[in-house]
Amino acid sequence: MRDSTLDLIVVGAGFAGVYAVHKFRRLGFSVQAFEAGDDVGGTWYWNRYPGCRCDIESIYYSYQFDDDLQQEWEWSERYASQPEILSYIRHVADRFDLRRHIQFNTRVTAARFQEASADAPSHWTVTTDDGQTHRARFCVMASGVLSTPSLPDIPGRDSFAGDSYHTGQWPHQGVDFRGLKVAVIGTGSSGIQSIPLIAEQAEHVTVFQRTPNYAVPAGNRPLDPHELREVKSRYGEIRAASKRGFTALPFKPAGRSALAVSDAEREEVYERWWRNYGLAFQGAFADLLFSEDANRTASDFVRGKIRELVDDEEVAGLLTPDFPLGCRRMCVDTDYYPTYNRDNVTLVDIRREPIDGIVPEGVRVGETVHAVDAIVFATGYDAITGALLAVDLRGRDGLSLEEKWAEGPRAYLGLATQGFPNLFMVNGPGSPSVLINMVTGIEQHVDWIADCLVHIRDRGLDAIEAKAGEEHDWAAHNDEVAQQSIRGNCASWYTGANIPGKPGGFMPYVGGFPAYAEHCERVVEKGYRGFDLT
Ligand code: N01
């Protein structure tokens, strides 16, 4: 290793980057992380919109690499709010003294692979937006999967006279909507979480909905200290059970088909899961995500709930999805549907008549201008590949990642891609990422990368690179598993359908955490099968 060449550069300091810095440092590697924000947190640093909170329970959505850490941290609610999660990540950075390895307010703009020469081993030259270049043997992209906001190119967008906001780039000082007329464009998780709270504050909210989504109640509540103590006394056991869980959560899989029980029993199960289990509702029966007939029973149940919760029949109809539940990411809400019973909330169906443009006064749909003082874009993200492609990544012979992925992203195990030696991705396309408890997925990825780096160091090797054949086979396997699931047949951000021109294909691995982790382990046992080690 040469003097000025670091062992590793880590891009991003969210959950993935923070753990990566800690893990690699502990193993004795020299590490420099770069983070565009002025603090750690990633997604939880940028998303500060009203109502932003996690849809995975806080006792699971946390690191498990250090028992003292998980024993000392006190979660206050069943689903942690954004400020609490941000405090947690900040605490982790301080507790393990990680900040000195992270350069904040610095965005990585480009990274280029340099072949080994007589003078130097293979390495990456990384350029940052302050004009500096840095060298490291390895580069780890911990740049997030929902971190590149998508702002639709609506004609006249910049002509708007009021303030506009994207939920994923919310002002740190918050926004006071009192006395204002507000437009919210988008009804995914971010819209569904923020609309009820904006409606409580604003004079009027006009929601522009293109596609209605399924939302189930979060059932958020304060965490009882006894409950938390009980969890902590069994944390090891709970974490072990989580690793056996399909979504890296400690729930036993439902054994039965939704079609194998009586109507009354099915209704009772749905009612109980609706009231208690949030996102896990889609696992109430074993086949909801695999059989259209089974799925219809759950979809119909939620459609019935929407009719019950929304007073106006026409509005309820507009809010009712016509696709299978779980096909697109389900949302978890607090008072979303009843919000449409408020006098100060209007729903505009822009599927029937799309937004024509934004004008200085507001949002124009056909001949109608909806006059507003502020616009909230809850329009989502260029998911999974957006942050990777935002960096000008160039592998062997100057090949850009954009060229390599022109037909769709391909990454072996979602960890590495052929033509880009010594580059790792955390939660890359082809890994379970957004379909599981992300923090557990992140720890598994970083641990795998760390073991691989130690393997390379111990053997005095220069480089690791995914092989084209195995990368192709993994992508084919991913496609095949996706097609067996309801999710494989829906246009969604999982497939890149929300970004005009983005190549299609189901990006996350649908086969579940245990199968995925086992694949990764088997690859190592077989001497890093599918990788060239030189
Ligand atoms: O984004 P989305 P999100 N004109 O892509 C609409 C995670 N998350 O930020 O569906 C008009 O889901 C778009 O319409 P359509 C979670 O994984 C988690 O809400 O394309 N509308 C859609 O309604 C989530 O799934 C949490 O027809 C336009 C909306 O904008 C993921 O992040 C909280 C439009 C975008 O919905 C993304 O959620 C928040 C246009 N031109 C987020 N373009 C929790 O933990 C887009 N839309 C709870």
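**Exercise 1.** In this predicted model, find what the side chains of Arg78 and Glu57 form, and state where each residue lies.

*Solution.* Step 1: the two side chains make a salt bridge, with an N to O distance of 3.5 Å. This satisfies the cut-off of within 4 Å. Step 2: Arg78 sits in the loop between helix H3 (67–72) and helix H4 (82–95), while Glu57 sits in the loop between helix H2 (43–46) and H3, so the pair ties together parts that are 21 residues apart in sequence. Step 3: Arg78 and Glu57 are both buried.

**Exercise 2.** Determine which parts the pair Asp447 and Lys23 ties together, and classify each residue as buried, partly exposed or exposed.

*Solution.* Step 1: a salt bridge links the side chains of Asp447 and Lys23 at 3.3 Å, N to O. Step 2: Asp447 belongs to helix H14 (residues 438–458) and Lys23 to helix H1 (residues 15–26), so the bridge ties together parts that are 424 residues apart in sequence. Step 3: buried requires under 20% relative accessible area. Lys23, at 13% relative accessibility, is therefore buried. Asp447 has a relative accessible area of 25% and is partly exposed.

**Exercise 3.** Describe the contact between Asp392 and Arg394, and classify both residues by accessibility.

*Solution.* Step 1: their side chains meet in a salt bridge of 3.0 Å, N to O. Step 2: the relative accessible area of Asp392 is 35%, which means partly exposed. Step 3: Arg394 is partly exposed at 25% relative accessibility.

**Exercise 4.** Which residues do salt bridges with shared partners join into one network, and how many salt bridges are counted?

*Solution.* Step 1: the network consists of Asp39, Arg90, Asp94 and Arg99. Step 2: the count is 30 salt bridges.

Key. Residues are numbered from 1 along each chain as its sequence is written. This is a predicted model: local features need pLDDT of at least 70, side-chain atom pairs count only at pLDDT 80 or more; totals for chains, interfaces and linings use all residues. Side-chain values use heavy atoms; hydrogens and water are left out. Helices (H or I, at least four residues) and strands (E, at least two) are DSSP runs, numbered from the N terminus. Buried means under 20% relative accessible area, exposed over 50%, partly exposed in between (1.4 Å probe, protein chains only).
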